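Visitor: I'm new to this structure. Please pick one part and take me through it slowly, explaining the terms as you go.

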Amino acid sequence: MQSDTRSSVERALDVLAGRRVVALTGAGLSTDSGIPDYRGPDSPPRTPMTYDEFRSGEPAQRRYWARSHVGWARMRRAEPNDGHRAFAGLERTGVLHGLITQNVDGLHRAAGSRSVIDLHGRIADVVCLDCRQTTPRDVLQERLAALNPGFVATAGTQVETAPDGDAVLESVAGFRIAPCTACGGVLKPDVVFFGENVPRDRVAQAYAMVDALAPGPDGAGVLLVAGSSLTVMSGLRFVRHAHRHGIPVVIVNRGRTRGDELATVLVGGGCSDVLPMFAAAAAGSAVA
């Protein structure tokens, strides 16, 4: 570890020591699980499908589900990494009081975290846009496989996959999509697409989690941002909210973020390297 990173880790540990923590995580946390991010230093340009495009009709829906059918076959095999496990450890020791994730991969829960707000939903769930019935993604995967035998194998193994499980395919011709089994309506992954609003109750829960860090008799808690460039307002608003209310902000990320000027401490490093140091320090304090 470079000396400047080591120094910033030590400053972050000083800020975190003895304080309650809420985490805000982004795609950079899951890169070491084999899921690429959107805006990391080495990430190629990506143009994910927008909500309006998905709702435009069957051609767009066919394109989305064909690509997702291939991508999900890989994404479902992803395992939590040391960063996810560090957050689960921080929760077990009582340091982490809640976690807001912008990720849809479900790896925080797989690692053992329980107090999680899935801000953008979970790719493992599917919702009908007509009757609102929610069903498991695995069930839809089996239906799509039956409708499109051999499609995944034909796509090959060298297909690039995006953070939301969307695979880049040259052709989706002939792919058959599956309607809702309850009403015949349009199925969509139960995640927030670009151009779609996060449900208000979910945003309110996240704000309440951050508000619980407000300065009190024992001082303020800390908002710990990990693996997010904070490019979109969906996550940045919580950093701005914390800063306005005198709550320290620690950011761990490879590369610059949109919230750097609001941070108390910036740690330029990988989540799988840095977060276990935080968890180890917290565990040591708990034992002591």
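**A close look at Ala206 and its helix pair**

Guide: Let's begin with one residue: leaving aside anything up to four places away in sequence, Ala206 touches Ile100, Ile117, Leu119 and Phe238. Touching, or contact, here means heavy atoms within 4.5 Å. Before we go on, this is a predicted model, where local features need pLDDT of at least 70 and side-chain atom pairs count only at pLDDT 80 or more, while totals for chains, interfaces and linings use all residues. Residues are numbered from 1 along each chain as its sequence is written, and side-chain values use heavy atoms, with hydrogens and water left out.

Ala206 belongs to helix H8. Helices (H or I, at least four residues) and strands (E, at least two) are DSSP runs, numbered from the N terminus. The chain has ten helices and nine strands, so there is plenty of choice, but we'll stay around this spot. Ala206 counts as buried because its relative accessible area is 0%; buried means under 20%, exposed over 50% and partly exposed in between, using a 1.4 Å probe and protein chains only. Over the whole chain of 288 residues, 51% count as buried. Ala206 also sits 9.5 Å from Leu24, C-alpha to C-alpha, although 182 residues separate them in sequence. For the chain as a whole, take contacts between residues at least 6 apart in sequence: 74% of them join residues at least 24 apart.

Now for the partner helix. Two packed helices are described by the angle between their axes and the distance between the axes. H8 (residues 200-211) packs against H9 (residues 233-244) at about 35 degrees, with the axes 10 Å apart. Those axes are lines fitted to C-alpha atoms over the stretch in contact, and angles run from 0 to 180 degrees between N-to-C directions. The crossing of H8 and H9 is right-handed, which means the near helix is turned clockwise from the far one by less than a right angle; anticlockwise would be left-handed. On the H8 side, the contact is made by Val203, Ala206, Tyr207, Val210 and Asp211, and H9 brings Arg237, Phe238, His241 and Ala242. Sorted by type, these residues come out as six nonpolar, one polar and two charged. Ala, Val, Leu, Ile, Met, Phe, Trp, Tyr, Cys and Pro count as nonpolar, Asp, Glu, Lys and Arg as charged, and the others, Gly among them, as polar.

What about H9 itself? Its twelve residues reach 16 Å from first C-alpha to last, close to the 16 Å expected at 1.5 Å a residue; the expected span is 1.5 Å times one less than the number of residues. Buried in H9 are Ser234, Gly235, Leu236, Phe238, Val239, His241 and Ala242. Their cover includes H8 along with strands E1 (21-25), E7 (222-226) and E8 (249-252).

Finally, look to either side of H9. In the loop between E7 and H9 lies Leu230, which has a positive phi of about 60 degrees although it is not a glycine. Leu230 counts as buried because its relative accessibility is 1%. After H9 comes Gly246, where phi is also positive, near 70 degrees.
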